[in-house]
Structure formats: C-alpha cells, structure tokens
Amino acid sequence: MDGRRQRQSPALMARLTLPRLDVPRLGLASFRRRILFRMVFLLLAIATAALAVVLLQDEKDRSYRNYQQNFRKTQAEVMARLRHPAGLLALLNPGVSGAVTPLRPWVLPYAALDFDDQNKAQQAVEMAGCSVRYTDGSAVCAAVGNNAYSGGYIYLVGSFRAGDLIAREPTDLDVESVHRARIRLDMRGTTTAWVAPFERQSLRGEPLVRGRLTGFVEDGDPTLADARPVRDFRGFLWQSATCSAGGELPDCLRRVFYSIRLPVEAFRQALYAQPRPEWPPADLDRIRVHVQMLAPGNVPPLFDSNASDAIPPPSLEDLSQALLPGETLTITRQDSKGAPLVLKGREDNAARSSPLILQLIDRLPVANRPPPLEAIEVITTPVASFDVRLSGDARGIDRGLGVIATRMSWYVAAMLGAIGLAWLVIEVGLIRRITVLTRRAAAVSHNMQKDAPGDARIGQLDVSDLRGSDELGILAGSLSDLLQRVKDDQQREQLRAQRERDTLQAVGHEILSPLQSLMVLHPDAGDPAHRYVQRMQQAVRVLYGQASPSEALEAAQLELAPLDLDAFLREVADNAHFAGLADVRYASGEQPVMVRADAFSLEDVVTHILRNADRHRSPGTPITLSLETSDTHATVGIHNAGAAIEETRLERIFDYGVSDAATDEATERRGQGLFVARTYLAKMGGTVRARNVEGGVRFDITLPRAAA
C-alpha cells in the first residue's frame, strides 16, 4: 500500500500546483526550522575548524615546554649508547659500509678475546654487537683486538645449527668424513685457506658436546697424510645439550657455538717492524674472510658466511633514530683522521608540510620559545678520542608539527566535507521537498477551508497533536485533512482484494488435479478414477470459505489411520496415468510397511511432488518411486532425471508462492503445491526434503512407522 501511495504522490502533487489555487502568505514562523537547521550546520563547521586550530596550538605549546627535557633525554640516550661496547665498536669502525659479505674484520672495543671460554667469548661478542646475523638464526663476528701487541690474530666467533657432530679420530686422515670448518682469508693480494676438522674432547654419549678445531693449511688434498697442524691456529666447538627447534636427541638440530683464533702472519711481522706499527691496519676494511661449516660428505654447507640473507650489525647511522626533529649529532675524531660524521633527526620526507599550515603554526602564540641548545662530550677509546656534539633547534618542532598537521588537515577537510555533504543532501533531498510540500499543502488547506459551510466536516479533524506554527506542523495538518480518507479506502480495498485473490487461488489450485481426473471418471465405484472424486470433495471441504491457503491448511483436520505404505505406493504408481503422469515406476516390496497417515492427504502430497517431477524430468525418462525403512521411520524416495535445483532454492521451494518463474508463468501456477505437501506431512508427523543427486533430483518423504 505504501508503494502505491508513493506512486500516486507525484500525480497528487501535480494537481496541487494548479494555478487556480490561492496560496496564502506564510509568516516568519514557517521559516524558523530552516534557519535553525542551516545555522546548526554552519556552527558545526566553524567549531570543527576551531577545534583543529586549538588542538594544534596546544600541541605546539606542549612540544615547546617539553623541548629542553627531550633534548636532555636524547643526549643521555646517545651518550649511553656510544659508551656501550656496541657504541664503541661503531666509533672504532666508522668507515664500515657497503655490502655485508664477504666478511671484513671489525676492531673490537677489547684488546683481545678469551676465545677458549664459551661464556666469555659469547658475552663479549653479544655486548659489542659485531655479529652478522642470518635468517636461519646463524651468526658470525669477524674482528681484531684494539691492541696490536695482543697478537696478530683475527677472531671468528659465531653459531649455527647442526645435528649430532661427527669427530675426527687421531688415526683418521680423511677430513671430508667429519664435521669441519673451512676458512679463507684474502689479504693484500694473497689468499690463505685453512680446513679445521672437529676433534671431540667430551665423553661419547655426553649431551653437551665439546671439542676443538685443529687447523691445517688447505692444499686441495682431502687427506692429512703429510699435513701438519698450524701452530697458532686455535678453535673450539660447543654443542648445546637441548634441541633448538623440537625433536629428540640425538637426531634433532642443536645450537653449535664456535670460537676461532686465526693467525695472520702479516700482522705478526708488523709487530717487530720499525717504527711502531699502525693499529688498526689502514687496509683492514679491504681484508675479506669467508667462513664455512661443513658436514661429512660433499653436501651443502651447514653455514656459509657469504649467504645472501646476511643482516649487518648496528652502525653509527642508527643513532639518527634516537634524534628528534631539529636535532643534529656531529662526531669528530680528535686526531683529525677521517671526516666528521653528521646525523640529523628523522624527518618525514615522504609527507611534506603545507606552506600555509607552516605559516599558521608560526603565528600561533606560545608562552615561551626556547633558544637553540648544544651539548659537547668527549668519548675516549683505546684507539682514539672522539668529540660528540649534540645541537637542537626548536624550528625542527615546527617542521615536525607541520608534517603532522598537514596529514591531519586531510581528516579535518574530510570532516568539513562530510558536514557540507550532509547539509547538501538534507537540504536538497529533504528540506527543499518539505518547503515545496508546505506551500502546496497550505494552498490546498486554504482552498478546502473555503468550502467549509458546504461540508462542515472539512477542517474539523482532530490533529491537535500534530499541528504547529512551523512548516512541519502545517504539512502534518494539511496531509491529515486531505489524505486520511483516501488512505483508509485504499487499505480496505487492498485487504479485500488480497483476501479474494488468495481464496480463489487456493480453491482453484486444490480443485485443478481432481478436475483432470473427472474427464475420464466413470460412475462405477470400482473404477480406479473414483478416488479422484473423493479427493476433490475433500479439497472443497478443506478450502471452501477460508481466507487464505495458509489459514485453510492450518484449519484442516486429517484423519490418521494405519496405512500400508508399500501397497499405497503400488496403487499410486498403477493409477498415475489417470492423472496424466506417464511412466511412474515402483518396485513393490515383499512385506507391508505400516505408517499412520491420512490416505487422501498423503496421495495429494505424492501427486504434488510427482507433478513437480514430471515438469522437470528429461523427456523419455521415468519417475521412480522407492521405499526405505528403519526401525522407527519409513522414507519414500521420488526421483526424476533432469536438471538440478540451485542449492539456495532447495529449502525455499517449499515456501508458499515460490515457483519456477520460467516454467510457471505460462501455466499460471503459484508455487503452492510443495507448500501444501510440507504442511500435510507436518500434520502427519512427517517431513519432506529435496536434494540433488547424480543425474537428477530426489524428494524424500519420511513418516514414522506404526505397529503392524
């Protein structure tokens, strides 16, 4: 009804605009709501912009107040990181850059490493942060001590994962049959390679494996028949007693920690040369080290320091992350070796500031504008001393606020746009229509009041709760006067037509099947078609005088009695041709299957489903009836070969009014048959469902069994 009223509204409004209607003069009261509405949206937009400016000013004032405190925090953090062994390592190796692999030695903040003690070596490397890490959890640190007189060695400390380690026996000359390390050193145009097989020092069967790596100069011969150990080569392995990634000993992977002291003859020779040797060597960053940990046999390395997934150690450039916008850190070596390193606070270069917003931030008043700050400290290392200068400028705060404000301005603009869009939508889609309807309703009401003496009822309807002095009150009163009677008449007419249509459809549908049988009906009671006359009479008794199919079926009373379902299906299949259903087949069983049902209603159910199957089966194929039983229920299957039903419609086809539109429009079917079938079966305590099977569709009718 509402849709019909909406469709009629344009025609009604067109009639209201006829020039013969006198339009009364409306006072200021009828415009108050519109003025208030527009003022609210205007104030909302102004408040949004003002709130953004106030928040920006508050953020600027708070940032300036915290400026000195944040500067001192940055100074303390930077100095603490530089005095930490990891920071000292970065100071001692300022020129290390470029590719991570092949490895190049770092200068440690220690004179030497206790490489023969696992805990000390591991702790020293972790504190210094010199390890190059890999995605599989492996790590390696190649470094030299900061004192030339501690020995000319390169230390290799790291870890990897491996299974049970296989050690070399004293009489075993084949190094490829055991776990081993292979190391290559490229230095000053020469290459030196070592191979170091693992020799166990712990007892066999002990979970914690300990051993040493004995170094031999690699000459390409896999045997050690004529090889002698390198005297100053020292290496140790420690394998954890627990699995690193699950599993059980000894088959699981375990963490292996290694520590190697690699002798470098060129370093040792420089110790005895005159004048005093330069340390660290000037060409230290050009030395390359390659480390591999190999399993027995010719298999891929367990660890390769040249792997492409290497992650570099921290560097001085990482300190820029601790700096705030406007802060600058300058690190200068006091002996003037090397160029000063200058780091600046992070700035969001990807998001630029709007010049207008920067001008707005600059003009926002603050209580106190702090001056530029500066702090200088000296950090001393065994190699050299460094001047560390940290300076700050409050203008960096403005730039940082500008970036944030520029980003936030899009949100403010979006809010203002949403407010404007909401106003435009309501103004055009609601207020403007209400204004037009107000003028037309006022004109109609004004002209209707002129006829009041002829019909005193006009204008006397009680709408006191809706009337008012504004345009909404005028609209409510006018529409109540003009449309109430039309609305009531339309409702009554629609209800009456709907009831008649439902009743006629229900009666016509129920009588349709028996009428087809009357064409071949004979008066003899023994004629098989005689049953269809009885079905027609029952359908008329059920539906006659009812308001709708659903009410009729709800009011229907079924007479349940014991029924042999096997004999019933056999009779239905034998007589189906009388109802125009050809080639219905049923294979009868040997024993009766008793259920409690109303024979006529059950025959209606089966016939409705048979007709549905007949409409959708493939030409020339039969409709097959089957009977399956369990201890408590009997199931009748009705199968037809043909197109499948959409999965989303398998349940909806039993609802009232749901039908195949492509098939049923020409035959005027209303999608009622399967609804009737489910309703009758529910009254008999049964169910019906449809499902797609291979090659067609099957309906299952389930009834509770009765005692034989």
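Is Cys-252 buried or exposed? I shall return to that residue at the end of this short presentation.

Good morning. The structure before you is a predicted model, and my subject today is its disulfides. By way of background, a disulfide is a covalent bond between the sulfur atoms of two cysteines. Searching the whole structure yields two of them. If the bonded cysteines are counted along the chain, the pairing follows the pattern 1-2, 3-4.

Let me begin with the pair formed by Cys-130 and Cys-141, where the S to S distance is 1.9 Å. Where do these two cysteines lie? Cys-130 is found in the loop between helix 5 (118-128) and strand 2 (132-133), while Cys-141 belongs to strand 3 (residues 139-144), so the bond ties together parts that are 11 residues apart in sequence. The torsion about this S-S bond is about -110°, and the disulfide is therefore left-handed. As for solvent, Cys-130 has a relative accessibility of 0% and counts as buried. Its partner, Cys-141, is buried as well, with a relative accessible area of 2%.

I turn now to the other pair. Cys-243 is joined to Cys-252, with an S to S distance of 1.8 Å. The value about the S-S bond is -75° here, and this link is left-handed. How exposed is Cys-243? With a relative accessible area of 23%, Cys-243 is partly exposed, because the buried class ends under 20%.

That brings me back to the opening question. Cys-252 has a relative accessibility of 5%, and it therefore counts as buried. Within this disulfide, then, Cys-252 is buried, whereas Cys-243 is partly exposed. Thank you for your attention.

Methods:
Residues numbered from 1 in each chain as written. Predicted model: local features only at pLDDT ≥ 70, side-chain atom pairs only at ≥ 80, totals over all residues. Heavy atoms only, no water. Disulfide = S-S within 2.5 Å. Helix = DSSP H or I, 4+ residues; strand = E, 2+ residues; numbered from the N terminus. Buried < 20%, exposed > 50% of the residue type's maximum accessible area, 1.4 Å probe, protein only.
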